[in-house]
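Look over the model below before reading on. The text starts with the chain as a whole and then turns to one residue.

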Amino acid sequence: MLAECGVVPGADYYTCIVSVGVPLDKRVKVLANQLFIPKDVAGSIIIDESKSRKKHFSNLILKETYYVSFFTRNSAGVSGLSDEKSFICG
């Protein structure tokens with residue numbers, strides 16, 4: 001899978017979060033410049049924190065629903081989560 005977000009002025013890093021089977025808004029929060037992932041769901045979340053806006057994910061499960069969101073960060077802090085997109089791996 002390839003996930004990509006638009007350019008955000010001032011962003012140093014683009015973080016992509018992929019949740020398996022359950023929407024991100026029920027699992028992950030960005031608060032006070034920190035990412036919060038509950039321990040009980042950490043194993044079903046994939047995170048890419050590289051500088052690139054393009055993220056490549058492999059070894060996904062066929063017919064599983066994935067939920068994808070981005071946020072950016074720089075020395076001043078982090079943004080909120082982007083609108084979530086979902087897809088079924090096929």
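In this predicted model, 30% of the 90 residues of the chain count as buried. The exposed surface of the chain comes to about 5600 Å², and carbon and sulfur atoms supply 52% of that area.

The secondary structure is made up of nine strands and zero helices, so that the pattern along the sequence reads β-β-β-β-β-β-β-β-β. The chain has a radius of gyration of 13 Å, and the globule rule gives 12 Å for 90 residues; because these values are close, the chain is as compact as a globular protein of that length. Along the principal axes, the C-alpha atoms fill a box of roughly 40 × 25 × 20 Å.

Contacts can also be sorted by distance in sequence. Among the contacts in the chain with a separation of 6 or more, 65% join residues 24 or more positions apart. As for charge, the chain carries 11 positive and 9 negative charges, and the mean positions of the two sets are 1 Å apart.

Now to the single residue. Ser-19 is part of strand β2, which covers residues 13–20. Is Ser-19 buried or exposed? Its relative accessibility is 0%, and buried means under 20%, so Ser-19 counts as buried.

What does the side chain of Ser-19 reach? It comes to 2.5 Å from the backbone oxygen of Val-22. With neighbours within four places in sequence left aside, Ser-19 is in contact with Leu-24, Arg-27, Ser-44, Ile-45, Thr-65, Tyr-66 and Tyr-67.

Methods:
Residues are numbered from 1 along each chain as its sequence is written. This is a predicted model: local features need pLDDT of at least 70, side-chain atom pairs count only at pLDDT 80 or more; totals for chains, interfaces and linings use all residues. Side-chain values use heavy atoms; hydrogens and water are left out. Helices (H or I, at least four residues) and strands (E, at least two) are DSSP runs, numbered from the N terminus. Buried means under 20% relative accessible area, exposed over 50%, partly exposed in between (1.4 Å probe, protein chains only). A polar contact is a pair of N or O atoms within 3.5 Å; within protein, one must be able to donate a hydrogen and the other to accept it, and residues adjacent in sequence count only if both atoms are side-chain atoms. Contact means heavy atoms within 4.5 Å. The radius of gyration is taken over C-alpha atoms; the globule rule is 2.2 Å times the number of residues to the power 0.38. Accessible areas come from the Shrake-Rupley method with a 1.4 Å probe; for residues, only the protein chains shown count as cover. Lys and Arg count as positive and Asp and Glu as negative; His and the chain ends are not counted. The place of a charge is taken as NZ of Lys, CZ of Arg, CG of Asp or CD of Glu.
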